[in-house]
Amino acid sequence: MPCEVKPRFVVLYGSQKGQAQSIAESIADEAKEHGLVADLCCLNQNEKYSLEKECAPVVFVVSTTGDGEPPDNALKFVKRIKKKTLSPDHYKHLLYALLGLGDTNYANFCNCGKTIERRLQELGAKQFYPTGYADDGVGLELVIDPWLEGLWNAIKSALSKMASDMTAQLYQNVEDSAQEKPDSTLPDVQLNLLSIADKQNCEPDSKHASPLAISDVRPASSPGSTGLASQSTSTVFTSAPKTQACSEGAPFVSLAASLRSSLPPLSESSLNIPALPLPYLDVTFQEADAAEQAVEILNKETLYQVPISKAVQLSKGDSVKTALLLELDISACPSMTYQPGDSFDVFCPNRAEDVDQLVHRLGLQDQKNHRVQITLREDTKKKGAQVPSHIPQNISLLSLLTWCLEIRSIPKKAFLRALVEHTSDSGQRRRLQELCSKQGAADYNLYVRDSSLSVSELLAAFPSCSPPLNLLIELLPRLQPRPYSAASSRLKHPEKLRFVFNMVEFPACSGRPAGRRGLCTGWLFDLVIPGLVFPEKAESSSSLPLPKIHVSLRPNCSFRPPSDPSVTFIMIGPGTGVAPFIGFLQQREEEKKENPEAEFGETWLFFGCRYRDRDYLFREELEDFVSSGTLNHLKVCFSKEHMKDEEEPTSAAQPRYVQHNLLLYCQQVTDILLRQNGYIYVCGDAKNMAKDVNETLMEMIKTELQVDQLEAMKALARLREEKRYLQDIWA
Ligand code: FAD
Ligand code: NAP
């Protein structure tokens, strides 16, 4: 009877007291829930596994004992891989992830894990997921919990990558073999893999089953899925239901539970809380007023301060999201020579109100303009402690909180743990302990992580908590610039750079009495309101001075229109994902004007939004491109208007998403890609849209060429290799 190949991976552990073993066992146990099969072995059972032949990803969980020694049951393994006679490509086929357990109170923290990792890399193995080194000195779970959380996606991606690498390799083998010996049989390895995919009569738990069966890592019932996935050859993973964020009032949350208070059993439970993060910085103030310029603080060579010369609201009426187009005047920055397809970073400050509230909470109103000096604590036990390099010495307190720390970041459990020590109210202390405890993990996810609660909001909810400044500097991440795609071409708008963004909005929830906006999008919005934004009116009539922002270019040399203008290309960009394609089309329009005799390939754009009259971004400009012949095929779908017309029951249902529209043009699209050497570009949301588009392209190739999943994967892998299938996507 046919059966499904379950993608397989390997878990190897070396454990002295059983902790690494129990983590490895729990990974193996959980594998089934993710649609995977795990082979679990202790490192000393070398008769049960063979890294030399292993073709699946390998996860190592290893502790360190004594003075940096491997656990007893990993000694032989470590000795084996340390042999000098092993060649540098001994493990070049191997993909690995490693979790090391150790304790910084002892010498040689995580030495066994570090030794294994170093040797794996020296022998050619590749890491598929960042290594976690968990420290018992501060609480192993601080590293283990997030590491385990991210592991599953990493394994699935590694399996997918291995599958596409193998298909690409196979494709190459077929071609090589066909060229060398036209009549010869296919190479052995290919025959084996094809037989697995074609016949599907393999053993599900077979030791060295190929990871080929993976085609999709999203739930089967996603609304974005085309529903075309072939159940006979693809393995569809299911994901656990996500906890609902901000769900006070939702049926499954008891009435009194909130960010600030819990109910039994949690409120009565004894708690396992992480160890206190070791403080390592001393902060002092110097009573000299400082007033730095942002440009000094950001300290980036290629930073430009540019005026916003125009702002237009692109969305209309009661659109779900507010979309703005901003234009920057870059005439004073001759080296900002961007190309369509490039992005650039916007450096935004924290909100003055947030900074002010924080200064009050820290009790530092009188020092806010004083210079801050940061040094390492002489008595710190934290290993490898360093003064953070992203904070300039002698910066004023206001500038530090405004430009250097992500005070809107989601508080980590270590941060909550550290706050406990600075909270006077016993009820609030208890709740902070719960939120960072093992028992309170669900509450942490619900009230902190899934609600995107910020550090400022957390402090507002726990008024008796007064952390010292060094704690914030030690535990908060650096304030990051936000990237945006250029939505213009310099050929059409010399000395201008345009971009478009949707305002990010976070709804009210427990701990956030009123909704708030994203940091950068909210800041940009406030900068241009009320002076510049006029729906449907492009030019500013305001006499206010133009606001300026700091930007830096992030060239993306691979996401460019085809260098040969005669090549046909397809662009897919729903929502603000259309941004770079406006630049592509402006460029094309100008090139056509400059060189009317030249041969130009056809251009296709698949755009999607919710409503024709509310969020059809760049509608006029796109229609003008069509009129001028710059854009040959404009295919737009409206996700909230796709249902059948009730008054005309015979009408066909409209496509909902860009990928549904792609299906309607399956023949033309596949022809462009498979026969005309054309290009396809995808921009926008990585989490759902780009995955669904990829899946749809796979299905279209299957249908068009009448081939199986494997052949379709090969075709897509080849398009990527040839850089004719290009993505600029963001999760
Ligand atoms: P923050 O305060 O940083 O909050 C963002 C957080 O909110 C995220 O962590 C996310 O978890 C959550 N969130 C919820 N919904 C959304 C949503 N719809 N978008 C973003 N975050 C959400 N954005 C554009 O609008 N236009 C562009 O052209 C564009 N180009 C980009 C190019 C690249 C290469 C990358 C990496 C990103 C691009 N982005 C673009 C995203 C942009 O950089 C910002 O992340 C986004 O504008 C939110 O910034 P913020 O500071 O307002 O939100
Ligand atoms: P949006 O307005 O939220 O959505 C645009 C359209 O896409 C809507 O009609 C939406 O429909 C639809 N959609 C939802 N799920 C989909 C799916 N699975 N497949 C296809 N379409 C789907 O989009 P946005 O906010 O502008 O942009 C999306 C993201 O891309 C943002 O996070 C933005 O920051 C990012 N972005 C990245 C880049 C880059 O990396 N270069 C550039 C621009 C934007 P419904 O809502 O009705 O379901």
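Helices here are DSSP runs of H or I with at least four residues, strands are runs of E with at least two, and both are numbered from the N terminus. With that in hand, take a first stop at Thr115, which lies in helix α3, residues 111-122. Before going further, a word on the ground rules: this is a predicted model, where local features need pLDDT of at least 70 and side-chain atom pairs count only at pLDDT 80 or more, while totals for chains, interfaces and linings use all residues. Residues are numbered from 1 along each chain as its sequence is written, chains are lettered from A and ligands numbered from 1 in the order in which they are written, and side-chain values use heavy atoms, with hydrogens and water left out.

Back to Thr115: is this residue buried or exposed? Thr115 counts as buried because its relative accessibility is 8%, and buried means under 20% relative accessible area, with exposed being over 50% and partly exposed in between (1.4 Å probe, protein chains only). Leaving aside residues up to four places away in sequence, Thr115 touches Val78 and Lys82. Touching, or contact, means heavy atoms within 4.5 Å.

Now zoom out to the whole protein chain. You can count 20 helices and 24 strands in it. Of its 731 residues, 51% count as buried. Look at the contacts with a separation of 6 or more: residues 24 or more positions apart account for 78% of them. The accessible surface of the chain comes to about 34200 Å², and 49% of that belongs to carbon and sulfur atoms. Such areas come from the Shrake-Rupley method with a 1.4 Å probe, and for residues only the protein chains shown count as cover.

What about the inside? A nonpolar core is a set of buried Ala, Val, Leu, Ile, Met, Phe, Trp, Tyr and Cys residues joined through side-chain atoms within 4.5 Å. The largest one here has 50 residues, and Leu400, Leu401 and Leu405 touch the most other members. Try clicking on Leu400: beyond residues up to four places away in sequence, Leu400 touches Val372, Ile374, Ile391, Ile395, Leu405 and Ile473. There is also a second, separate core of 30 residues, which includes Phe584, Cys609, Tyr616 and Cys683.

Helix α11 (residues 441-449) is worth a look too. Its buried residues are Asp443, Tyr444, Asn445, Leu446, Tyr447 and Val448, and they pack against α9 (413-420) and α10 (426-436).

On to the ligands. A residue is near a molecule if one of its heavy atoms lies within 4 Å of it. Ligand 1 is surrounded by 17 residues, and the closest are Arg482, Pro483, Tyr484, Thr521 and Trp730. Some polar contacts show up as well, each being a pair of N or O atoms within 3.5 Å; within protein, one must be able to donate a hydrogen and the other to accept it, and residues adjacent in sequence count only if both atoms are side-chain atoms. A backbone N or O atom of Ser485 is 3.1 Å from an oxygen atom of ligand 1, and a backbone N or O atom of Val500 is 2.9 Å from a nitrogen atom of ligand 1. On its own, ligand 1 exposes 940 Å², and the protein buries 70% of that. Which element gives the most to the shell around ligand 1? That would be β15, with 4 residues.

Around ligand 2 there are 23 residues, of which Lys321, Thr576, Arg610, Ser639 and Tyr657 come nearest. A polar backbone atom of Thr576 sits 2.6 Å from an oxygen atom of ligand 2, while a polar side-chain atom of Lys640 lies 2.9 Å from an oxygen atom of ligand 2. Taken alone, ligand 2 exposes 920 Å², of which the protein buries 80%.

Last stop: Lys592, found in helix α15 (residues 579-594). Lys592 is partly exposed because its relative accessible area is 26%. Its C-alpha is 8.0 Å from that of Thr630, although the two are 38 residues apart in sequence. Lys592 touches Phe600, Gly629 and Thr630, not counting residues up to four places away in sequence. With Gly629 there is a polar link too: the backbone oxygen of Gly629 lies 2.9 Å from a polar atom of the Lys592 side chain.
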